[in-house]
Amino acid sequence: MTTILRTWELTKEYQGKEVVSGVNMNIKQGEIYGFLGPNGAGKTTVMKMITNLVKPTEGFIEFFGVSMTDHSYELLKRMGCIIENPVFYDKLTARENLQLHGEYMGYYNVKAMEEALELVKLKDVDKKPVKQFSLGMKQRLGIARALMTKPELLILDEPINGLDPMGIKEMREVFRMLSREYGMTLLISSHLLGEVEQVADTIGVIFEGILLEEVAMDRIRSRNTPYI
Ligand code: ATP
């Protein structure tokens with residue numbers, strides 16, 4: 001599989017303290033990459049650097065073989081991300097929220113919106129106000145919003161966090177659909193291997209800002225000892 005996103009010695013310092021240290025990640029086209037680490041390990045910071053929300057102190061990122069530093073605008077159009085919990089207008093319906101966002105951002109297209117709602121299994125409830133949505137439904141609506149630009153890489157920061165078992169199951173189905181049927185590449189962070197092991201192809205483990213391991217999920221499955 002082709003590597004579409006590569007980070008080279010990605011490093012971030014805040015107030016002289018290194019919170020991400022020399023991270024070299026390789027994300028391959030069409031895979032689900034589970035990015036694991038405990039609180040404060042540096043997952044969000046890495047994701048923010050990949051999406052250009054935060055500037056690396058050192059190192060750089062290549063997306064489709066092109067440096068993000070030089071061509072970030074063109075490359076960012078090919079990424080979708082949800083780094084913090086998505087925020088919606090509670091009294092507006094799911095459709096209205098997506099339409100409003102799409103029009104505001106200048107990419108509204110009714111067909112793309114309907115496909116996105118279908119994909120995240122919210123088509124049946126798209127005329128309900130968002131205040132009636134569960135956390136899992138809001139997370140999926142956030143994914144639908146990100147999907148409207150048809151990104152090739154979707155970056156999701158702890159999308160499973162706080163969901164009930166049904167919400168987790170539905171979210172996993174959405175991940176599988178995006179990856180297996182639409183060939184989308186997903187980078188998903190989580191605290192626990194158990195949250196992503198059923199869907200991930202590759203696992204990257206970060207601890208105290210250092211990427212300890214990047215390994216195919218099949219290799220983890222063949223180990224006898226529990227991992228995390
Ligand atoms: P969590 O699972 O809790 O979200 P994380 O793995 O995503 O954790 P980060 O949010 O990337 O971790 O934080 C890594 C470290 O960087 C933490 O020690 C955090 O306090 C610190 N940090 C993050 N953002 C800033 C900032 N803007 N200024 C100073 N320190 C920061």
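Before I turn to the structure, one term has to be fixed: when I call a residue buried, I mean that its relative accessible area is under 20%, while exposed means over 50% and partly exposed covers what lies in between. What you have in front of you is a predicted model, and everything I say about it should be heard with that in mind.

Let me begin with helix 5, where that term is needed at once. This helix runs over residues 135-147, and its 13 residues reach 18 Å from the first C-alpha to the last, which is close to the 18 Å expected at 1.5 Å a residue. Helix 5 is mostly covered, since 11 of its 13 residues count as buried; among them are G136, M137, Q139 and R140 towards the start of the list, and A144, R145, A146 and L147 towards its end. What, then, covers the buried residues of helix 5? The cover includes two strands, strand 7 (79-82) and strand 8 (153-156), together with helix 3 (94-105), helix 4 (110-119) and helix 6 (165-181).

From there I would like to move to the ligand and its surroundings. There are 13 residues around the ligand, and those that come nearest are G40, K43, T44, T45 and E158. If we sort this shell by class, we find 7 polar residues, 4 nonpolar ones and 2 charged ones. Several atoms can be placed against the oxygens of the ligand: a polar side-chain atom of N39 lies 3.0 Å from one of its oxygen atoms, a backbone N or O atom of A41 lies 3.1 Å from an oxygen atom of the ligand, and for G42 a backbone N or O atom lies 2.9 Å from an oxygen atom of the ligand. Taken alone, the ligand exposes 640 Å², and the protein buries 61% of that.

Which element gives the most to the shell around the ligand? The answer is helix 1, residues 43-50, which contributes 3 residues. Helix 1 is itself mostly covered, with 6 of its 8 residues buried, namely K43, T45, V46, M47, M49 and I50. Just after helix 1 comes N52, with a positive phi of about 65°, and this is a value taken by a residue that is not a glycine. N52 sits in the loop between helix 1 and strand 5 (58-63), and it counts as partly exposed because its relative accessibility is 34%. A further residue that is not a glycine but has a positive phi, here of about 50°, is F64, which lies in the loop between strand 5 and strand 6 (66-67) and is partly exposed at a relative accessible area of 25%.

Let me now take some single residues, starting with S189, which has its place in strand 9 (residues 185-190). Is S189 buried or exposed? With a relative accessible area of 1%, S189 is buried. Its side chain is joined to that of D157 by a polar contact of 2.6 Å, and, leaving out residues up to four places away in sequence, S189 touches F35, K43, M47, L156, D157, E158 and P159.

E31 is buried as well, with a relative accessible area of 1%, although its place is in a loop, the one between strand 3 (26-28) and strand 4 (32-36). A polar contact of 2.5 Å joins the side chains of E31 and T202, and beyond its neighbours within four places in sequence, E31 is in contact with residues including M1, N26, M184 and D201.

V199 belongs to the loop between helix 7 (193-196) and strand 10 (202-207), and at 1% relative accessibility V199 counts as buried. V199 and I32 are 167 residues apart in sequence, yet their C-alpha atoms are 6.9 Å apart in space. Apart from its neighbours within four places in sequence, V199 is in contact with I32, R172, F175, R176 and R180.

I close with K91, in the loop between strand 7 and helix 3, which counts as exposed because its relative accessibility is 71%. K91 touches P129 and K131, once residues up to four places away in sequence are set aside, and its C-alpha atom is separated by 34 Å from that of G34, which is 57 residues away along the chain.

Methods: Residues are numbered from 1 along each chain as its sequence is written. This is a predicted model: local features need pLDDT of at least 70, side-chain atom pairs count only at pLDDT 80 or more; totals for chains, interfaces and linings use all residues. Side-chain values use heavy atoms; hydrogens and water are left out. A residue is near a molecule or strand if one of its heavy atoms lies within 4 Å of it. A polar contact is a pair of N or O atoms within 3.5 Å; within protein, one must be able to donate a hydrogen and the other to accept it, and residues adjacent in sequence count only if both atoms are side-chain atoms. Accessible areas come from the Shrake-Rupley method with a 1.4 Å probe; for residues, only the protein chains shown count as cover. Helices (H or I, at least four residues) and strands (E, at least two) are DSSP runs, numbered from the N terminus. Ala, Val, Leu, Ile, Met, Phe, Trp, Tyr, Cys and Pro count as nonpolar, Asp, Glu, Lys and Arg as charged, and the others, Gly among them, as polar. Buried means under 20% relative accessible area, exposed over 50%, partly exposed in between (1.4 Å probe, protein chains only). Contact means heavy atoms within 4.5 Å. The expected span of a helix is 1.5 Å times one less than its number of residues.
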